[in-house]
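The following exercises are intended for a reader with the sequence and coordinates at hand. Each task is followed by a solution worked in steps.

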Amino acid sequence: NLAYWRGEKELAEHAVLLDAPICVPPGVGSNSYAPAYEALLTTPNVEFKWAGRAGRNYELWWSIDGAEPRHIDVEGPRTRDRAISATVFLPSNGHVAWWYVERDPAAPPSCPPGPSAIYSFDLNAVRHPRRRAAGPP
C-alpha cells in the first residue's frame, strides 16, 4: 500500500469491495450446435445438439412460426463436458427458433439460469397422410 511507504503507519479502517461472481451464459465460446443456423430440414424428427457442461442440466426450448414455446428437460453430463443430444418430433412445418437454458445447481443466487443464443432453421418435412384400414365394400 502506498500510504505505508509514505510513512503513514497508523492503523486505519478500509472498505473492501468484492466483485460479484462472474456469471457465464451457456454457449459462450461454443460454435458446436445443430441443426445448423438457417438449415433446411426435411424430417419431423429433429436432433438438437449443443456443448454441455458437467454437473448441469438443461431445458431445450423451441417455437414454430412464433407459436407458444414448448420445452423438454435434458439431463447434462455428470462428470465431464461433452456434447448433449436430444431428438424431438416437431408436429408442423415452419420456421423453428430454438434455444436451451442451462441450470447449474452450484451457481450462486446472483447467477440465475441463463438462456443460450437463439438458433433457427426451417422445417419442411414430407408428411404422409394416415391410411385407413379398408372397410367392408
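The exercises concern a predicted model and proceed from the chain as a whole to individual residues.

**Exercise 1. Overall composition**

Task: State how many helices and strands the chain contains, and in what pattern they follow one another.

Solution. Step 1: the assignment gives one helix and nine strands. Step 2: reading along the sequence yields the pattern α-β-β-β-β-β-β-β-β-β, with the helix placed before the strands.

**Exercise 2. Burial, surface and contact range**

Task: Determine what share of the residues is buried, what area the chain exposes, and what share of the contacts with a separation of 6 or more joins residues 24 or more positions apart.

Solution. Step 1: of the 137 residues in the chain, 28% are buried. Step 2: the exposed area is about 10,200 Å², and carbon and sulfur atoms contribute 55% of that area. Step 3: among contacts with a separation of 6 or more, 67% are between residues 24 or more positions apart. Step 4: one pair that is distant in sequence is Pro-108 and Cys-23, which are 85 residues apart along the chain, with their C-alpha atoms 9.0 Å apart in space. Pro-108 itself belongs to the loop between S7 and strand S8 (114–115) and is partly exposed at 32% relative accessibility.

**Exercise 3. Salt bridges and what they connect**

Task: Count the salt bridges, and for the pairs Arg-56 with Glu-102 and Arg-103 with Glu-59 identify the elements that are joined.

Solution. Step 1: with a limit of 4 Å between side-chain nitrogen and carboxyl oxygen, the count is five. Step 2: Arg-56 and Glu-102 satisfy the criterion with an N to O distance of 3.6 Å. Arg-56 lies in the loop between strand S3 (45–52) and strand S4 (57–64), while Glu-102 lies in strand S7 (residues 94–103), so this bridge ties together parts 46 residues apart in sequence. Step 3: for Arg-103 and Glu-59, the closest N and O atoms are 2.9 Å apart. Here Arg-103 belongs to strand S7 and Glu-59 to strand S4, a link across 44 residues. Step 4: a further bridge joins Glu-75 and Arg-78, with closest N and O atoms at 2.6 Å.

**Exercise 4. Buried or exposed partners?**

Task: Classify the residues of these three bridges as buried, partly exposed or exposed.

Solution. Step 1: the threshold for burial is under 20% relative accessible area, and exposure begins over 50%. Step 2: Arg-56, at 18%, is buried, and Glu-102, at 7%, is buried as well. Step 3: Glu-59 is buried at 12%, whereas Arg-103 is partly exposed at 37%. Step 4: Glu-75 is partly exposed at 49%, and Arg-78 is exposed at 68%.

**Exercise 5. The surroundings of Arg-56**

Task: Describe which salt-bridge network includes Arg-56, and list its polar partners and its contacts.

Solution. Step 1: the network links Arg-53, Arg-56, Glu-102 and Asp-104. Step 2: a polar contact of 3.1 Å connects the side chains of Arg-56 and Asp-104. Step 3: the Arg-56 side chain also reaches the backbone oxygen of Ala-54 at 3.1 Å. Step 4: leaving aside residues up to four places away in sequence, Arg-56 touches Gly-76, Pro-77, Glu-102, Arg-103 and Asp-104. Step 5: taken together, Arg-56 is a buried residue in the loop between S3 and S4 that takes part in a network of salt bridges.

How values were computed. Residues are numbered from 1 along each chain as its sequence is written. This is a predicted model: local features need pLDDT of at least 70, side-chain atom pairs count only at pLDDT 80 or more; totals for chains, interfaces and linings use all residues. Side-chain values use heavy atoms; hydrogens and water are left out. Helices (H or I, at least four residues) and strands (E, at least two) are DSSP runs, numbered from the N terminus. Buried means under 20% relative accessible area, exposed over 50%, partly exposed in between (1.4 Å probe, protein chains only). Contact means heavy atoms within 4.5 Å. Accessible areas come from the Shrake-Rupley method with a 1.4 Å probe; for residues, only the protein chains shown count as cover. A polar contact is a pair of N or O atoms within 3.5 Å; within protein, one must be able to donate a hydrogen and the other to accept it, and residues adjacent in sequence count only if both atoms are side-chain atoms.
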